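Trainee: Could we go through this structure together, with the reasons behind the labels spelled out?
Mentor: Happily; let us look at the picture and then take the labels one by one.

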Amino acid sequence: MPSATSHPSSRRTTVFAPRLQALMDEHLGKDLVRLEPDTIGIAGAELSDRILSARRATETERPTFKPLHGRSISKVEASSVMRTIGKDVRSALEQPRPVPEWTDLSGPWPITGHRFLSDMVLRDDPRRLRVLMSRTLEIDPKLTWTTIVAGAALPRRPVPGPHLTHLANLFAEADGYHDRRYAMGIYRRAAAPVCFTVSTLVANALWLGSPFGEDVSNRNILYEAMRLLPPSWNLLRNRSPEYPAIDGRIGHGDDILMLPLLTHRDPALWEAPDEFRPERWDDLDPDNTPGYMPFGHVSERCWGRHMVMPLAELLLDHIRRTELVVAPGQRQAHVPLVGLLGVKAVHIGHRSKVRHV
Ligand code: HEM
């Protein structure tokens, strides 16, 4: 394997949005910082642990199952939806060849991965549902709402059955306009993150470390990518009486933003914190490494992680096997200030063909 300095990734610069860069420049290594008059940022591993153990996330703090169209989503319903999308992901993974050998994953990422995953997991679902995977809808929640309202009102309805995913069957079996609208909202909430987050995670990994050494496992590559570019770079906890009791610097009116982006680069916790070193995970347990929380806190870890990891590994595996790499001409990638942290566009092509972007 080439040395760290001669590795192509050492010639690449990750350009963070100014506010993210300022966060790192000004606050790296601190355990607690005041971000706004009413917002505290927490980056210390021990303090993060104490805050996140203090109470469970409320329904408005939960990223996936916030209330939908003004209606709360109970834990029971949330777990049933997760089981449903879990079945769809499993059946995609259990195909004899989930990624056929001839699949070409070259092109700009994450969008190329996003499109591939929507085809792989959502198969032949009707267009009015598949359109809910569009990344354009992220621009404005009103767009999502309009798309859902229009789709739920369309007169013809899909016939339920095995030709649809389990998630689409929830829509096909819904009675009446309101239930159809709700089922479409659930489809967007549960299926879109599978495509968005997995393709973003893989794009981040490629940007940070491609081409990878042959002996490095996909899993370790992903753990290390989530350390340096945690897709969930902040976790919100609204003001709550437990928090001032934990640390006197937190006021009763302060909301809390946990900042894995900073914790994951804390020089007190990590050797060479800014370097992409997947091999560090050979000796670390990602579920039990202080300050490492890409999937949240041990008390309530991401429910989707068991889908995310195999899907991301599958894509990485194919990319490595088909000798796709980051175009050597690409020297910069931008990381915008959005909820899902990731590089905006990474150009991926065949090792023998890519030269310049
Ligand atoms: C790279 C991919 C992903 C990352 C890094 C990630 C990260 C996280 C984190 C950090 C939390 C804890 C949030 C908190 O405590 O405030 C969380 C919770 C959760 N995640 Fe994920 N997630 C990913 C993908 C997914 C996917 C694909 C799904 C569903 C299809 C999902 C469903 C959930 C659910 C249901 C919770 C529990 C809280 C809630 O209702 O939102 N996640 N995730």
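Mentor: A residue counts as buried if 20 or more other C-beta atoms lie within 10 Å of its own, and as exposed if 12 or fewer do. Keep in mind that this is a predicted model.

Trainee: What makes you say that helix H1 lies largely in the open?
Mentor: Helix H1 covers residues 18-27, and of its 10 residues the number buried is one, so H1 lies largely in the open. Just after H1 comes Gly-29, with a positive phi of about 90°.

Trainee: Why is Val-81 called buried?
Mentor: Val-81 has 22 C-beta neighbours inside 10 Å, and the cut-off is 20 or more. Val-81 therefore counts as buried. Its place is in helix H3. Leaving aside neighbours within four places in sequence, Val-81 is in contact with Ile-186 and Ala-190.

Trainee: How do you know that the length of H3 is close to what is expected?
Mentor: H3 has 19 residues, 75-93, and at 1.5 Å a residue 27 Å is expected. From first C-alpha to last, H3 reaches 26 Å, which is close to that value.

Trainee: Which residues of H3 are buried, and how do you know that they are on the same side?
Mentor: They are Val-81, Thr-84, Ile-85, Asp-88, Val-89 and Ala-92. Around the axis they cover an arc of only 135°, which puts them on the same side of H3. A general rule helps here: an α-helix has 3.6 residues a turn, so residues three or four places apart point the same way. The face of H3 turned away from the buried side carries exposed residues, namely Lys-75, Val-76 and Arg-83.

Trainee: What do the buried residues of H3 pack against?
Mentor: They pack against helices H4 (111-122), H7 (166-172), H8 (176-209) and H12 (305-321).

Trainee: How do you know that the length of helix H6 agrees with expectation?
Mentor: H6 runs over residues 141-153, and its 13 residues should span 18 Å at 1.5 Å a residue. Its end C-alpha atoms are 19 Å apart, which agrees.

Trainee: And what makes you say that the buried residues of H6 line one face?
Mentor: Thr-144, Ile-148 and Ala-152 are buried in H6. Seen down the axis, the buried residues fall within an arc of 60°, so they line one face of the helix. On the other side of H6, Lys-142, Thr-146, Ala-150 and Ala-153 are exposed. What covers the buried residues of H6 includes H8.

Trainee: Which helix gives the most to the largest nonpolar core?
Mentor: That core has 82 residues, and H8 gives the most to it, with 19 residues. Tyr-187, Ala-191 and Val-202 have the most contacts inside the core. Ala-191 touches Ile-85, Leu-122, Met-133 and Leu-167, not counting residues up to four places away in sequence.

Trainee: Why is H8 called roughly perpendicular to H9?
Mentor: H8 and helix H9 (residues 218-228) pack at an angle of about 90°, with axes 9 Å apart. Angles of 65 to 115 degrees count as roughly perpendicular, so that label fits H8 and H9. On the H8 side, the contact is made by Leu-201, Asn-204, Ala-205, Leu-208 and Gly-209. H9 brings Ile-221, Leu-222, Ala-225, Met-226 and Leu-228.

Trainee: Which peptide bond in the loop between H8 and H9 is cis?
Mentor: The cis bond joins Ser-210 and Pro-211, with omega about -5°, and Pro-211 is found in that loop. The bond from Trp-109 to Pro-110 is cis as well, with omega near 10°. Pro-110 is in the loop between strand S4 (107-109) and H4.

Trainee: What makes Glu-323 count as exposed?
Mentor: Glu-323 has 12 C-beta neighbours inside 10 Å, and exposed requires 12 or fewer. Glu-323 therefore counts as exposed. Its phi is near 60°, a positive value in a residue other than glycine.

Trainee: Is Ala-272 buried or exposed?
Mentor: Ala-272 has 10 C-beta neighbours inside 10 Å, so Ala-272 counts as exposed. Ala-272 lies in the loop between H11 and H12, and has a positive phi of about 40° although it is not a glycine.

Notes. Residues are numbered from 1 along each chain as its sequence is written. This is a predicted model: local features need pLDDT of at least 70, side-chain atom pairs count only at pLDDT 80 or more; totals for chains, interfaces and linings use all residues. Helices (H or I, at least four residues) and strands (E, at least two) are DSSP runs, numbered from the N terminus. The expected span of a helix is 1.5 Å times one less than its number of residues. The arc is that of the directions from the helix axis to the C-beta atoms. Two residues are in contact if their C-beta atoms, placed from the backbone, lie within 7 Å. A nonpolar core is a set of buried Ala, Val, Leu, Ile, Met, Phe, Trp, Tyr and Cys residues joined through C-beta atoms within 7 Å. Axes are lines fitted to C-alpha atoms, for helices over the stretch in contact, and angles run from 0 to 180 degrees between N-to-C directions. Angles under 35 degrees count as roughly parallel, over 145 as roughly antiparallel, 65 to 115 as roughly perpendicular and the rest as oblique.
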